[in-house]
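Biologist: I'm new to this one, so let me pester you about the words people use for it. Could you put it up on the screen?

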Amino acid sequence: MEALGRWGAPLLLTGRGGDSFQPRWLALALPGLLRGITATPSVELGVETDGFLMILRIDEDGPSAIVRTDQQPDTIFTAAPEVIIGLAVGGLTIDQALSMGDLQGDRRVLCEVFPPGRATAAAE
């Protein structure tokens with residue numbers, strides 16, 4: 001499933017067009033796209049798209065995504081799925097993504113989750 005997410009997620013960069021898309025699919029795709037990213041101490045970023053909020057956690061073991069309704073992280077990035085995928089595959093810079101989305105909280109968390117200038121598994 002992770003490989004399917006890595007394959008399909010970059011197709012969103014050109015936009016959804018008339019294709020069906022469920023925001024919860026990003027919970028599967030993002031950890032695969034961000035494979036190799038680690039953080040100590042861990043960081044959590046809320047990622048909200050189309051009214052769906054997931055928590056993307058990066059720790060010493062790498063990325064994971066969960067849907068949790070009992071609490072929200074301190075930092076939440078809200079944007080269209082195309083913008084979130086653009087960040088994950090390195091097709092957009094943090095500044096470009098911020099101009100198309102809304103960040104509540106600490107920009108450094110966004111930069112740790114989506115570090116600039118890295119090659120992604122989707123691009124390789």
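Biologist: Leaving aside its neighbours within four places in sequence, which residues is Asp 59 in contact with?

Modeller: With that exclusion, the contacts of Asp 59 are Ile 37, Thr 38, Ala 39 and Ser 42. Bear in mind that this is a predicted model. Contact here is heavy atoms within 4.5 Å.

Biologist: And what makes Asp 59 buried or exposed?

Modeller: The cut-off for buried is under 20% relative accessible area. Asp 59 has 13%, so it is buried. Asp 59 lies in strand 2, and its side chain reaches the backbone nitrogen of Asp 61 at 2.8 Å. A polar contact needs N or O atoms within 3.5 Å, and the 2.8 Å from Asp 59 to Asp 61 fits that limit.

Biologist: Let's step back. What is the overall layout of the protein chain?

Modeller: There are five helices and five strands. From the N terminus on, they run α-α-β-β-β-β-α-α-β-α. Of the 124 residues, 40% count as buried.

Biologist: How do the five strands fit together?

Modeller: They form an open sheet in the order 3-2-1-4-5, with mixed pairing. Its edge strands are strand 3 (62-66) and strand 5 (102-104).

Biologist: Why are strand 3 and strand 5 called edge strands?

Modeller: Each of them pairs on one side only. As for the twist, neighbouring strands of this sheet are turned by 20 degrees against each other on average, direction ignored.

Biologist: How do you know that strand 1 and strand 4 pair?

Modeller: Pairing takes at least two bridges. Three bridges join strand 1 (residues 43-49) to strand 4 (residues 76-78), so they pair, and they run parallel. Val 47, for one, has Phe 77 in strand 4 as its bridge partner.

Biologist: And how many bridges join strand 2 to strand 3?

Modeller: Five, and these two strands run antiparallel. Ile 58 has Pro 63 in strand 3 as its bridge partner. Strand 2 and strand 3 form a hairpin, with two residues between them.

Biologist: On to the helices. Why is helix 2 called mostly covered?

Modeller: Seven of the eight residues in helix 2 (residues 26-33) are buried. Those are Leu 26, Ala 27, Ala 29, Leu 30, Pro 31, Gly 32 and Leu 33.

Biologist: What does helix 2 meet in helix 3?

Modeller: Leu 26, Leu 30 and Leu 33 in helix 2 meet Pro 81, Ile 84, Ile 85 and Ala 88 in helix 3. As a rule, an α-helix has 3.6 residues a turn, so residues three or four places apart point the same way.

Biologist: How do you know whether helix 2 and helix 3 are roughly parallel or roughly antiparallel?

Modeller: Their axes come within 10 Å and cross at roughly 20 degrees. Angles under 35 degrees count as roughly parallel, and helix 2 and helix 3 are therefore roughly parallel to each other. The crossing is right-handed.

Biologist: Where does helix 3 lie relative to the strands?

Modeller: Helix 3 (residues 81-88) lies across strand 1 and strand 4, running at about 145 degrees to strand 1.

Biologist: What about Thr 49: buried or exposed?

Modeller: Buried counts as under 20%, and Thr 49, at 1%, is therefore buried. Thr 49 sits in strand 1. Leaving aside neighbours within four places in sequence, its contacts are Pro 23, Leu 26, Ala 79, Ala 80, Pro 81 and Ile 84. A polar atom of the Thr 49 side chain lies 2.9 Å from the backbone oxygen of Ala 79.

Biologist: What makes Asp 50 worth a look?

Modeller: Its phi is positive, about 50 degrees, although Asp 50 is not a glycine. Most residues other than glycine have a negative phi. Asp 50 is in the loop between strand 1 and strand 2 (52-59).

Biologist: Why is Asp 50 called partly exposed?

Modeller: Partly exposed runs between the 20% and 50% cut-offs. Asp 50 has a relative accessible area of 48%, so it is partly exposed.

Biologist: One last thing: which residues does the cis peptide bond join?

Modeller: Thr 40 and Pro 41, with omega about 0 degrees. Pro 41 lies in the loop between helix 2 and strand 1.

Technical notes:
Residues are numbered from 1 along each chain as its sequence is written. This is a predicted model: local features need pLDDT of at least 70, side-chain atom pairs count only at pLDDT 80 or more; totals for chains, interfaces and linings use all residues. Side-chain values use heavy atoms; hydrogens and water are left out. Buried means under 20% relative accessible area, exposed over 50%, partly exposed in between (1.4 Å probe, protein chains only). Helices (H or I, at least four residues) and strands (E, at least two) are DSSP runs, numbered from the N terminus. Axes are lines fitted to C-alpha atoms, for helices over the stretch in contact, and angles run from 0 to 180 degrees between N-to-C directions. A polar contact is a pair of N or O atoms within 3.5 Å; within protein, one must be able to donate a hydrogen and the other to accept it, and residues adjacent in sequence count only if both atoms are side-chain atoms. Angles under 35 degrees count as roughly parallel, over 145 as roughly antiparallel, 65 to 115 as roughly perpendicular and the rest as oblique. A crossing is left-handed if the near helix is turned anticlockwise from the far one by less than a right angle, and right-handed if clockwise.
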